[in-house]
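The following exercises concern the packing of helices, the surroundings of a ligand and a few individual residues. Please attempt each task with the structure in view before reading its solution.

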Amino acid sequence: MKNLHLLLPLITLIIIAAATVDSSSSSPTVCIIGSGIAGSSVAHFLRTYSTSASTITTIKIFERHNIIGGRTAAVTLSNETFEAGASILHPKNYHALNYTKYLNLSIRNPPSSESDSSFGIWNGRDFTFKTLSINSNFSFLQRIVSLANEVLIFFRYGLSLFRMNSFVDSTVNYFLRYYEGFESRPVFASVEDMLRWSGLYNLTRRTLYEELIDAHLSRRLIEELVTVVTRINYGQSVSISGLAGAVSLAGCGSGLWSVEGGNRQMAAGLISHSDVELHLNEEVESVSFIKQTYHLNTTKGKSYQCGITVVATPLDEVKIQFHPGISIPERKLQHTYTTFVRGVINPGYFGLGSVSEVPQLVGTVENPDVPFSSISVLKQHKEDDMSYKVFSRKPLDDALLDRIFSVRNETVKIDWGAYPHYHAPEVFAPFILDGHHLYYVNAFENAASTIETSAVAAENIARLILSRLNGQEPVDPVNLKSFGDNASDVHADL
Ligand SMILES: Cc1cc2nc3c(=O)[nH]c(=O)nc-3n(C[C@H](O)[C@H](O)[C@H](O)COP(=O)(O)OP(=O)(O)OC[C@H]3O[C@@H](n4cnc5c(N)ncnc54)[C@H](O)[C@@H]3O)c2cc1C
């Protein structure tokens, strides 16, 4: 005991050494803030791509809620579970598809009755367009109605429909470059480099409206069908960027899928397969960079030391204090109010005589008097008992809901800080926030916000971390062979 004071400086030295070893060694602790698909994907790709030269020993994930998954969440309505956030995936979302194989999850394609469900465009007074519907179990009758609907849609929008499809296909093809092998695909230090290399950058510079006019789509198609889609998928108008718009339109094509039992299982499975120390119910309040180490302080009054920190959540509405401060462009999140109702829609609200006349998907055009973006039937339990999902830009009060629905047995309301409020030209936050080892996956959300874009950005962040640990800085952007070199931008190629 007498000699303890002699040992104290030594103990202090050992503690300081332990604190700094993280960032100086080749196997630092990685701390990830957020357990959504972005955070879980970073952990997964770090484990997958680690080599003996750049091994990550410890990965910690912090999640403020008591459940993994973030915006891939489920909602329970009268004992039935539905997707509350991200609900559908594109057939070419290859990371997500690989996750389902790796995690042995089953894929759910919408049953044909769901994909052939009736659809109408509501302008606040009447339906400007409505498909036919039939209540029959005979598949040949359903097929005839479906063909008749294709003719109806073609009759209204004409060749513009093909031009729209070609705009979407072309954008998807550029996006597919992100699945190329490492020999041809560099590690990107910024969102701009990543988008320029694939040929998608110019689509973030102009609005969807401008892109579609240049691609010779009719105004009617843009103001009706395209607007319906951007309102459903991003709660916004056709003045979102061309890239967010193309992603949004891709989300209404054929072959869409989801994970049986809930999309949330992808994030949960990736975390459980990646040897992660998971801290649920623990919100990170501050990140301080002291002596080459990040100190994360949490709401549990604890402090964690990490050589590398990854922010895997949008920073726009969370209150994490950074010391020293960081600088990112101001970005507003679009709030989407999702209201789930178990009950029956009121046909009178739409000037119709019976429930069966109300389309199963009611889309809307831009009109400030229309209080919702869309109403869709999630499940028909009985003829007079259905589950509905309503998207709106503002909260829907009970008086309004009682006008839209004649019966409401249960109502669940969710306010999502859903995705960025898109505008063109987009400005991007950096992937590396401080020039050291503080990374930001959700900088990519200004390009588009989906499960797959989060996974693609997360994969790049994992590669960026590992290559920088190996002492390799990403290639200078001017030396990147851009896909747009020969085709100066996407719309010129259409
Ligand atoms: C209503 C809605 C519908 C959508 N539809 C689709 C769709 O059909 N298809 C599709 O692909 N995408 C869709 N999206 C978008 C998709 O959900 C997101 O792009 C994606 O899930 C984002 O994942 P993420 O991991 O980047 O962020 P998030 O899922 O938001 O994860 C961030 C996590 O970080 C946690 N966190 C935040 N701050 C802290 C802190 N300080 N400390 C600890 N933890 C913290 C949060 O609680 C959250 O769990 C939709 C989104 C919404 C809201």
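**Exercise 1.** Determine which helices are included in what covers the buried residues of α10, and state how many residues of α10 are buried.

*Solution.* The model is a predicted one. Step one is to identify the cover: what lies over the buried residues of α10 includes α6, α8 (208-214) and α9 (219-234). Step two is to count. Nine of the nine residues of α10 are buried, so the helix is largely enclosed by the rest of the structure. These residues are Gly242, Leu243, Ala244, Gly245, Ala246, Val247, Ser248, Leu249 and Ala250.

**Exercise 2.** Establish how α6 and α10 are oriented towards each other, and which residues make their contact.

*Solution.* Begin with the geometry. Helix α6 (residues 160-175) packs with helix α10 (residues 242-250) at an angle of about 105°, and their axes are 9 Å apart. Angles of 65 to 115 degrees count as roughly perpendicular, and α6 is therefore roughly perpendicular to α10. Next, assign the contact: α6 contributes Met164, Phe167, Val168, Thr171 and Val172, while α10 contributes Ala246, Leu249 and Ala250. Finally, classify these residues: seven are nonpolar, one is polar and none is charged. The spacing within a helix can be considered in the light of a general rule: an α-helix has 3.6 residues a turn, so residues three or four places apart point the same way.

**Exercise 3.** Carry out the analysis for α9 and α10: at what angle do they pack, and which residues meet?

*Solution.* The angle between α9 and α10 is about 90°, with the axes 9 Å apart. The two helices are therefore roughly perpendicular to each other. From α9, the residues involved are Val226, Val229, Thr230, Asn233 and Tyr234; they meet Ala244, Gly245, Ser248 and Leu249 in α10. This contact between α9 and α10 divides into five nonpolar residues, four polar and no charged.

**Exercise 4.** Decide whether α7 is mostly covered or mostly open, and find what its buried residues pack against.

*Solution.* Helix α7 spans residues 191-198, and six of its eight residues are buried, which leaves the helix described as mostly covered. The buried positions are Val191, Asp193, Met194, Leu195, Trp197 and Ser198. They pack against α6 and against α13 (451-469). Following α7 along the chain, one reaches Gly199, whose phi is positive, near 95°.

**Exercise 5.** Describe the shell around the ligand: which residues come nearest, which elements supply it, and where does it lie with respect to domains 1 and 2?

*Solution.* First, the residues. There are 36 residues around the ligand, of which Gly34, Gly36, Gly70, Ala86 and Thr450 come nearest. Second, the elements: α2 (37-49), β15 (333-345), β19 (405-420) and α13 each supply at least two residues of the shell. Third, the composition, which is 15 nonpolar, 16 polar and five charged residues. Fourth, the location. Domain 1 (28-79 + 92-103 + 256-332 + 428-471 + 485-494) and domain 2 (114-132 + 333-420) both give residues to the shell around the ligand, so it lies between them.

**Exercise 6.** For Arg264 and Ile271, establish whether each is buried or exposed, and identify the contacts of each beyond four places in sequence.

*Solution.* Arg264 is placed in helix α11, and so is Ile271, in the helix that comprises residues 264-272. A residue counts as buried if 20 or more other C-beta atoms lie within 10 Å of its own. Arg264 has 24 such atoms and is therefore buried; Ile271 has 23 and is therefore buried.

For the contacts, Arg264 touches Ile68, Gly69, Thr72, Ala73 and Ala74. Arg264 and Gly69 are 195 residues apart in sequence, yet 5.1 Å apart from C-alpha to C-alpha. Ile271 is in contact with Ser35, Ser40, Ala43, Ile61, Ile68, Val276 and Leu278. Between the C-alpha atoms of Ile271 and Gly39, which are 232 residues apart along the chain, the separation is 8.8 Å.

**Exercise 7.** Locate Tyr157 and state which residues it contacts beyond four places in sequence.

*Solution.* Tyr157 belongs to helix α5 (residues 139-157). With 21 C-beta neighbours inside 10 Å, Tyr157 counts as buried. Its contacts are Ser218, Arg220, Leu221 and Leu225. Tyr157 and Arg219 are 62 residues apart in sequence and 9.5 Å apart from C-alpha to C-alpha.

Conventions:
Residues numbered from 1 in each chain as written. Predicted model: local features only at pLDDT ≥ 70, side-chain atom pairs only at ≥ 80, totals over all residues. Axes fitted to C-alpha atoms, helices over the stretch in contact; angles between N-to-C directions. Parallel < 35°, antiparallel > 145°, perpendicular 65-115°, else oblique. Contact = placed C-beta atoms within 7 Å. Nonpolar A, V, L, I, M, F, W, Y, C, P; charged D, E, K, R; others polar. Buried ≥ 20, exposed ≤ 12 C-beta atoms within 10 Å, placed from the backbone. Near = placed C-beta within 6 Å. Domains from an automatic or database assignment.
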